[in-house]
Amino acid sequence: MYLRDPQQFIEHRLGINPEAFNNQIVWIITFVIAVGYIMYTAKVIPFVRENLFTISWLKVIGIWIAIVSSTLEEILFRQLLMDWLMSLDFSITIQVLASAIIFGLAHSAWVLLGGDLKIALPAILATTVLGGLLAILYIVADRNILAPIVAHVLINLFIEPWLILAAVTGNWKNTE
């Protein structure tokens, strides 16, 4: 999409255009979602809390991953999925619920593969709620994907490297 028409991709697919910054409420909601989810994750997963502000090579590598994966996920789970459902005349409620549930299940696959149901169920619920909040933000932003991308990038910048490390090592509690 980008190679075909970079300006179209940036302005319309990513939503980076002057109108994207007109609604201050959208940006307040964006930061409330990001900070709220980061705080929630830090509270329930001590390993994430202990490493939240740690600067490491893992986090440096995570910057690129956070930007790319968050952008792709928002385009897929919000923009493409929700707009497709809208084109089929599904209600906004169905669009938000479908986006949230599919997002939650997709993000919980790595936890489910570990077989720890005690961790998997809260992870599915938390990421489903996050997916719903990002879907609502997409609607409030008048279907401009930039605000959900920004919220998702912020969340991934702070917590994602430590969530992945916790999942791989099984170290959900603490670093001791």
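**Aromatic pairs, a helix crossing and two loop residues**

Within helix H2, which spans residues 24-44, Tyr37 and Tyr40 are placed three residues apart, or about one turn of the helix. The model described here is a predicted one, and it holds four aromatic pairs. One of these is formed by Tyr37 and Tyr40, whose rings lie 6.2 Å apart from centre to centre with 45 degrees between the planes, an arrangement that is tilted. The two tyrosines can also be described by their accessibility: Tyr37, at 12% relative accessibility, counts as buried because the limit for that class is under 20%, whereas Tyr40, at 37%, counts as partly exposed.

A further pair is made by Phe77 and Phe103, with ring centres 5.4 Å apart and planes at 85 degrees; because an angle over 60 degrees counts as edge-to-face, the pair is placed in that class. Phe77 belongs to helix H4 (residues 57-87) and Phe103 to helix H5 (residues 92-113), so the pair ties together parts that are 26 residues apart in sequence. Phe77 is buried, with a relative accessible area of 9%, and Phe103, at 1% relative accessibility, likewise counts as buried. The ring of Phe103 has a charged neighbour as well, since Arg78 lies over its face at 4.5 Å from the ring centre.

Helix H4 also takes part in a contact with another helix. Two packed helices are described by the distance between their axes and by the angle between those axes. For helix H1 (residues 6-13) and H4, the axes come within 13 Å and cross at roughly 75 degrees, and this angle makes H1 roughly perpendicular to H4, because values of 65 to 115 degrees fall in that class. On the side of H1 the contact is made by Phe9, His12 and Arg13, and on the side of H4 by Ile75, Gln79 and Leu80. By character, the residues of this contact between H1 and H4 divide into three nonpolar, two polar and one charged.

Two loop residues are described by their backbone angles. Asp89, found in the loop between H4 and H5, has a phi near 70 degrees, which is a positive value in a residue other than glycine. At 72% relative accessibility, Asp89 counts as exposed, because that class begins over 50%. Arg143, in turn, is located in the loop between helix H6 (117-140) and helix H7 (146-169), and its phi is near 65 degrees, again a positive value in a residue other than glycine.

Key. Residues are numbered from 1 along each chain as its sequence is written. This is a predicted model: local features need pLDDT of at least 70, side-chain atom pairs count only at pLDDT 80 or more; totals for chains, interfaces and linings use all residues. Side-chain values use heavy atoms; hydrogens and water are left out. Rings of Phe, Tyr and Trp (its six-membered ring) pair if their centres lie within 6.5 Å; planes under 30 degrees apart count as stacked, over 60 as edge-to-face and the rest as tilted. Helices (H or I, at least four residues) and strands (E, at least two) are DSSP runs, numbered from the N terminus. Buried means under 20% relative accessible area, exposed over 50%, partly exposed in between (1.4 Å probe, protein chains only). A charge sits over a ring if NZ of Lys or CZ of Arg is within 6 Å of the ring centre and within 35 degrees of the ring normal. Axes are lines fitted to C-alpha atoms, for helices over the stretch in contact, and angles run from 0 to 180 degrees between N-to-C directions. Angles under 35 degrees count as roughly parallel, over 145 as roughly antiparallel, 65 to 115 as roughly perpendicular and the rest as oblique. Contact means heavy atoms within 4.5 Å. Ala, Val, Leu, Ile, Met, Phe, Trp, Tyr, Cys and Pro count as nonpolar, Asp, Glu, Lys and Arg as charged, and the others, Gly among them, as polar.
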